[in-house]
Amino acid sequence: MGSNHSAFQSEENKAKLAEYQKFTYLKTYEIFKCYEAFEKVAKKPRGKFEDWTIDEEKFREFDQFKNNPFLDRIFEVFSNGDGAMSFEHYLNMMSVFSDSCPTDVKAKYAFRIYDFKNSHHLDQEDIGSLIEKITVKQNFSEDFKNIIIKKIFEEADIDGNDQISLEEFNHIANKYSNDFQK
Ligand SMILES: [Ca+2]
């Protein structure tokens, strides 16, 4: 695939493509790949691809996210919670998950994904849910889970208010950014 794509030939869509190149961390061929993946599953009420959407059921069919324990949270965060993911939402999501996206941007979205109650901070319940999702096969005891939660708060909750703020989360994300990027 070169630097051209049949979907981006009109002046209007060329301008769109230029915007996507500017506002995402995706390379041009990655934007084309996203378009093709999205085009395959999207509902198309009108011809303009800006109007196409995918719902959560369709989103579950993407190989990349099928086994992700945070799939429902990812869909909610990137579709802005209205149940329909537009192409621009999708592109933004793929951009955040791409290798070129910087750690602080990834951390900002990871924070929102782990903020299960959309409360703008992570509390012990959020961290508990996070641990449950990533360790579902290990079947940890409540006691062991609480020990991990305590350890996480000891390290991350710098001001000791029993909540992890975005700033505190960023601090941890940067500290462990090498692991975080994997
Ligand atoms: Ca705190």
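At what angle do the axes of helix α8 and helix α9 cross? Keep that one in mind while we get our bearings, and bear in mind too that what you're looking at is a predicted model.

Let's start with the whole chain. There are 182 residues here, and 20% of them count as buried. If you draw a box around the C-alpha atoms along the principal axes, it comes out at roughly 60 × 30 × 25 Å. The secondary structure adds up to eleven helices and two strands. Walking from the N terminus, you meet them in the order α-α-β-α-α-α-β-α-α-α-α-α-α. As for how the chain meets itself, take the contacts between residues at least 6 apart in sequence: 53% of those join residues at least 24 apart.

The chain is split into two parts, with domain 1 covering 8-96 and domain 2 covering 103-180. Their C-alpha centres sit 27 Å apart. Where the two domains touch, domain 1 supplies six residues and domain 2 supplies nine. On the domain 1 side, helix α5 (residues 71-78) gives the largest share, three residues. That side is made up of five nonpolar residues, no polar ones and one charged one.

Since α5 has come up, let's stay with it for a moment. Which of its residues are buried? They include I74, F75, V77 and F78. Look at the spacing of I74 and F78 in that list. In an α-helix there are 3.6 residues a turn, so residues three or four places apart point the same way. What lies over the buried residues of α5? The cover includes α3 (56-59), α4 (63-66), β2 (85-86), α6 (87-97) and α7 (103-114). After α5 comes N80, which has a positive phi near 60°.

Now on to domain 2, and back to the opening question. Two packed helices are described by the angle between their axes and the distance between the axes. For α8 (residues 124-134) and α9 (residues 142-156), the axes come within 10 Å and the crossing angle is roughly 120°. These two helices are therefore oblique to each other. The crossing of α8 past α9 is right-handed. From α8, the residues making the contact are Q124, I127, G128 and I131, and from α9 they are K145, I148, I149 and I152. Sorted by class, this contact has five nonpolar, two polar and one charged residues.

One more residue of α9 is worth a look: K150. Is it buried or exposed? K150 is exposed, because only 12 other C-beta atoms lie within 10 Å of its own, and 12 or fewer is the cut-off for that label. Along the chain, K150 and I127 are 23 residues apart, and their C-alpha atoms are separated by 9.8 Å.

A second helix pair to find is α7 with α10. Their axes are 9 Å apart and they pack at an angle of about 130°. That makes α7 and α10 oblique to each other as well, and their crossing is right-handed. Here T103, D104, A107, K108 and F111 of α7 meet L166, F169, N170, A173 and N174 of α10. The contact of α7 with α10 counts five nonpolar, three polar and two charged residues.

Pick out N170 from that group; its home is helix α10 (residues 166-175). Setting aside neighbours within four places in sequence, N170 is in contact with D104 and A107. N170 has 16 other C-beta atoms within 10 Å, so it ends up partly exposed. For a longer jump, compare N170 with N67: they are 103 residues apart in sequence, and 26 Å apart in space from C-alpha to C-alpha.

Finally, have a look at two of the loops. Between α7 and α8 you'll find N118. N118 isn't a glycine, yet its phi is positive, about 50°. With 10 other C-beta atoms within 10 Å, N118 is exposed. In the loop between α9 and α10 sits D162. D162 has a positive phi of about 65° although it isn't a glycine. D162 is exposed, with 10 other C-beta atoms within 10 Å.

Notes: Residues numbered from 1 in each chain as written. Predicted model: local features only at pLDDT ≥ 70, side-chain atom pairs only at ≥ 80, totals over all residues. Axes fitted to C-alpha atoms, helices over the stretch in contact; angles between N-to-C directions. Helix = DSSP H or I, 4+ residues; strand = E, 2+ residues; numbered from the N terminus. Parallel < 35°, antiparallel > 145°, perpendicular 65-115°, else oblique. Left-handed = near helix turned anticlockwise from the far one by under 90°. Contact = placed C-beta atoms within 7 Å. Nonpolar A, V, L, I, M, F, W, Y, C, P; charged D, E, K, R; others polar. Domains from an automatic or database assignment.
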